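Hi everyone, thanks for coming. I've got a structure to walk you through today, so let me put it up on the screen.

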Amino acid sequence: AFWYLLWEQALLALILGDLTLITAVGLRSGYAQLPFLLPLPLLPVAFRMRAEFRFAEPSRRLSMRAALQLDARAEPHLAERFQPDAYWHPALRLPTFSPSHLASPQMEPVAAAG
């Protein structure tokens with residue numbers, strides 16, 4: 001649910017930024033610009049509604065296997081360009097250090113218990 005939380009916070013920040021911009025322009029006597037800026041906070045709200053309508057259900061119930069199959073159908077040689085663990089969530093990777101790469105740790109997938 002990390003990405004959904006990030007999505008909500010990013011859109012909230014965008015709306016609050018728009019409201020701050022409108023307030024700042026209004027306080028600086030930019031009354032001529034206000035009619036053009038008033039629809040600005042509505043755009044992220046409309047985008048959020050459109051994105052939820054289009055992507056919310058499939059993203060919550062799409063399995064990893066189905067995602068791999070969809071990607072393979074879209075572009076047959078796509079899997080050759082990615083590592084086998086490309087679809088793993090970053091939280092499921094453990095850092096591994098090697099002496100030659102001390103500055104940049106490599107990430108390996110965590111083996112599933114079971």
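I'll start with the overall layout, then go to one helix pair, and finish with a patch on the surface.

First thing to keep in mind: this is a predicted model. What's in it? We have four helices and two strands. If you walk along from the N terminus, the order is α-α-α-α-β-β, which puts the helices ahead of the strands.

Now, some whole-protein numbers. There are 114 residues, and 15% of them are buried. The accessible surface adds up to about 9700 Å², with 68% of that belonging to carbon and sulfur atoms. And if you take contacts between residues at least 6 apart in sequence, 30% of them join residues at least 24 apart.

Okay, on to the helix pair. Look at α1 and α3, where α3 is residues 42-61. Which way do these two run relative to each other, parallel or antiparallel? Their packing angle is about 175 degrees, and the axes sit 12 Å apart. Anything over 145 degrees counts as roughly antiparallel, so that's what α1 and α3 are. On the α1 side, the contact includes Y4, W7, L11 and I15. From α3, the residues taking part include P44, F47, R48 and A51.

Last stop, the surface. F2, W3 and L6 make a nonpolar patch there, and together they have about 330 Å² of accessible area. F2 belongs to α1, which covers residues 2-27. With a relative accessible area of 46%, F2 counts as partly exposed.

That's my tour, so over to you for questions.

Technical notes:
Residues numbered from 1 in each chain as written. Predicted model: local features only at pLDDT ≥ 70, side-chain atom pairs only at ≥ 80, totals over all residues. Heavy atoms only, no water. Patch = residues over 30% accessible without salt bridge, like charges linked within 9 Å, V, L, I, M, F, W, Y side chains within 5 Å. Areas by Shrake-Rupley, 256 points an atom, 1.4 Å probe, with all protein chains shown as cover. Salt bridge = Lys/Arg side-chain N within 4 Å of Asp/Glu carboxyl O. Buried < 20%, exposed > 50% of the residue type's maximum accessible area, 1.4 Å probe, protein only. Axes fitted to C-alpha atoms, helices over the stretch in contact; angles between N-to-C directions. Parallel < 35°, antiparallel > 145°, perpendicular 65-115°, else oblique. Contact = heavy atoms within 4.5 Å.
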